[in-house]
Amino acid sequence: MQRAAARLGLIAAAGELATQWKITPWQAGEATQAAVKALNDWIAQRGGIEAAEVGDAITQVRKFIESNGESRFELFEGGSDARIHNRAGWRRENGEQREWLILPEAWKEICAGFNASHTAKSLAEKGMLKRGNDGRNSRTEHTPLGSKKVYVLTSLILEGGE
């Protein structure tokens with residue numbers, strides 16, 4: 001975003017100088033207006049101002065939950081007798097609200113290719129991840145295996161959190 005804005009700013013400045021030197025038929029300010037429009041169009045086409053990596057990381061986490069929600073996450077209470085192979089954590093359901101409690105090693109797997117800490121921070125800022133009382137991105141929760149440090153995703157992960 002900053003590189004695009006800087007480049008378009010340079011183009012605007014060059015256009016304004018060209019106008020001032022009577023190289024173009026434009027009015028003063030037209031080059032700047034055109035650059036602002038180009039930047040706004042670029043941002044709209046891109047889907048926002050956050051780093052593309054953030055969006056890609058969130059998409060990857062969402063995809064993991066969508067494709068593994070039942071098979072890698074054991075139902076927290078009143079679960080079935082189905083055996084969970086390669087458990088990533090647990091899922092809690094309260095009506096339409098769901099939460100996924102993800103074990104730290106599984107979190108690293110889910111975030112493969114991205115910085116897991118930055119991904120958690122971005123999700124927390126969007127309300128898709130519950131922070132601990134200490135402000136950390138992981139929290140200690142009581143699980144069927146006792147107290148565990150986990151990352152808690154909210155149902156907003158499936159809604160996109162927009």
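1. A quick definition before anything else: "buried" here means under 20% relative accessible area. Keep in mind, too, that this is a predicted model. With that cut-off, the buried residues of α3 are A57, I58, V61, R62, F64, I65 and N68. These residues cover an arc of only 160° around the axis, so they sit on the same side of α3.

2. What do the buried residues of α3 pack against? The list runs to β1, β3 (97-102), α4 (104-110), α5, β6 (146-154) and α6 (156-159). Turned away from that buried side is a face of α3 with K63 and E66, both exposed. D56 also belongs to helix α3, and with a relative accessible area of 45% it counts as partly exposed.

3. The length of α3 checks out. Its 17 residues should span 24 Å at 1.5 Å a residue, and the end C-alpha atoms are indeed 24 Å apart, so the two agree. If you want a distance to look at from this helix, try D56 to E74: they are 18 residues apart in sequence, yet 26 Å apart in space, C-alpha to C-alpha.

4. Now the packing of α3 (residues 52-68) on α5 (residues 116-125). The angle is about 85° and the axes are 10 Å apart. Since angles of 65 to 115 degrees count as roughly perpendicular, that is the label for α3 against α5. On the α3 side, the contact is made by V54, A57, I58 and V61, and α5 brings T119, S122 and L123. Sorted by class, this contact has five nonpolar residues, two polar ones and no charged ones. A57, I58 and V61 deserve a second look, as they are in the contact with α5 and also among the buried residues of α3.

5. On to α1 (2-20). Its 19 residues should span 27 Å at 1.5 Å a residue, and the end C-alpha atoms are 27 Å apart, so this helix agrees with expectation. Buried in α1 are A4, L8, A12, G15, E16, A18 and T19. They cover an arc of only 160° around the axis, which puts them on the same side of α1. Q2, R3, A6, R7, L10 and Q20 are exposed on the other side of α1. As for what covers the buried residues of α1, α2 is included.

6. Helix α2 takes in residues 30-46, 17 residues in total, and reaches 24 Å from its first C-alpha to its last, close to the 24 Å expected at 1.5 Å a residue. Which residues of α2 are buried? They are A31, A35, L39 and I43. Their arc around the axis is only 110°, so they lie on the same side of α2. Exposed on the other side of α2 are Q33, K37, A44 and Q45. The cover over the buried residues of α2 includes α1.

7. Finally, two backbone angles to check. K22, just after α1, takes a positive phi of about 65°, and it is a residue other than glycine. K22 lies in the loop between α1 and α2, and at 71% relative accessibility it counts as exposed, the cut-off for that being over 50%. The other is N86, again not a glycine, with a positive phi of about 55°. Where is N86 found? In the loop between β1 (73-75) and β2 (89-94). N86 is exposed as well, with a relative accessible area of 53%.

Terms used
Residues are numbered from 1 along each chain as its sequence is written. This is a predicted model: local features need pLDDT of at least 70, side-chain atom pairs count only at pLDDT 80 or more; totals for chains, interfaces and linings use all residues. Side-chain values use heavy atoms; hydrogens and water are left out. Helices (H or I, at least four residues) and strands (E, at least two) are DSSP runs, numbered from the N terminus. The expected span of a helix is 1.5 Å times one less than its number of residues. Buried means under 20% relative accessible area, exposed over 50%, partly exposed in between (1.4 Å probe, protein chains only). The arc is that of the directions from the helix axis to the C-beta atoms. Contact means heavy atoms within 4.5 Å. Axes are lines fitted to C-alpha atoms, for helices over the stretch in contact, and angles run from 0 to 180 degrees between N-to-C directions. Angles under 35 degrees count as roughly parallel, over 145 as roughly antiparallel, 65 to 115 as roughly perpendicular and the rest as oblique. Ala, Val, Leu, Ile, Met, Phe, Trp, Tyr, Cys and Pro count as nonpolar, Asp, Glu, Lys and Arg as charged, and the others, Gly among them, as polar.
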